[in-house]
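I am opening this notebook to record what I look up in the structure. The entries follow the order in which I took up each topic.

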Amino acid sequence: MKQATILHTPAGPLPFFFGMAALAAFLEGEKMKISEVANFATDMPLNTAFRLMWHGFKDGHRKEGLPFDYSAQDMADWLDEDFSLYEKCMNLFAASLPQGNEGNAPAPEVKPRRKISQ
């Protein structure tokens, strides 16, 4: 099982994890489909970024069995103090997105059948 990444925030070191549970909750909250995420991630409104970060920290705390009592506005306050946290969270978010069939065995090649002459 993957573990959360500890990020240094103005509130101290906190676990961040953006797994499927966080992605599902984020997409539901934003009323988005997973197919919309690829283009969205490069042109995200700042308030949405705060909520994305919030889901990542919330899921990180869940993975580590810790209580979570921060808000999306706390994310904004943290970025006021250390904007590099934004890039760290977005990199972890991007790395967590499903990558299709990478790592799976390639599908077997299907050869056309020969016609049988009569």
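Entry 1, a buried aspartate. This is a predicted model, and I keep that in mind throughout. I started with D59 and asked which residues it is in contact with, leaving aside neighbours within four places in sequence. I found F17, G19, A21 and A22. D59 itself sits in helix α3. I then checked whether D59 is buried or exposed. Its relative accessibility is 5%, so D59 counts as buried, the cut-off being under 20%.

Entry 2, the core. I looked up the largest nonpolar core, which has 26 residues. Which of its members touch the most others? I noted F18, M53, F57, L85, C89 and M90. I also listed the elements that give two or more residues to this core: β2 (12-16), α1, α3 (46-64), α4 (72-81) and α5 (84-96). I followed F18 further, not counting residues up to four places away in sequence, and found that F18 touches L23, F26, L52, H55, G56, F93 and S96.

Entry 3, a strand residue. I turned to L7, which lies in strand β1, residues 5-9. L7 is buried, because its relative accessible area is 7% and the limit for that label is under 20%. I asked which residues L7 touches, again setting aside those up to four places away in sequence. The list is G12, P13, L14, F16, F57, L85, K88, C89 and L92. I singled out the pair L7 and F57: they are 50 residues apart in sequence, while their C-alpha atoms are 9.2 Å apart in space.

Entry 4, helix α1. I wanted to know which residues of α1 are buried. They are A22, L23, F26 and L27. These four cover an arc of only 125° around the axis, so they are on the same side of α1. On the other side of α1 I found M20, E28 and G29 exposed.

Entry 5, after α1. I noted that K31 follows α1 and belongs to the loop between α1 (20-30) and α2 (37-40). Its phi is positive, about 55°, although K31 is not a glycine. Is K31 buried or exposed? With a relative accessible area of 74%, K31 is exposed, the cut-off for that label being over 50%.

Entry 6, helix α4. I went through α4 in the manner of α1. Its buried residues are M75, A76, W78 and L79. They span an arc of only 160° around the axis, which means that they lie on the same side of α4. I looked up what these buried residues pack against, and noted β1, β2, α3 and α5. The face of α4 turned away from the buried side carries the exposed residues D80 and E81.

Entry 7, the largest pocket. I recorded a volume of about 220 Å³ for the largest pocket. Of the 13 residues that line it, I noted K2, F17, F18, L92 and S96 as the closest to its centre. Which element gives the most to the lining? It is α5, with three residues. By class, the lining has eight nonpolar, four polar and one charged residues.

Entry 8, cross-references. I listed residues that came up under more than one topic. F18 is among the core members that touch the most others, and F18 is also among the residues closest to the centre of the largest pocket. L92 is one of the residues that L7 touches, and L92 is likewise among those closest to the pocket centre. F17 is in contact with D59 and is listed with the residues closest to that centre.

Technical notes: Residues numbered from 1 in each chain as written. Predicted model: local features only at pLDDT ≥ 70, side-chain atom pairs only at ≥ 80, totals over all residues. Heavy atoms only, no water. Buried < 20%, exposed > 50% of the residue type's maximum accessible area, 1.4 Å probe, protein only. Core = buried A, V, L, I, M, F, W, Y, C linked by side-chain atoms within 4.5 Å. Contact = heavy atoms within 4.5 Å. 1 Å grid on protein atoms, 1.4 Å probe; cavity = no way out; pocket = protein on both sides within 12 Å on 5 of 7 lines; lining within 4 Å. Points joined across faces, edges and corners; volume = space filled by probe spheres on them. Nonpolar A, V, L, I, M, F, W, Y, C, P; charged D, E, K, R; others polar. Arc of directions from axis to C-beta.
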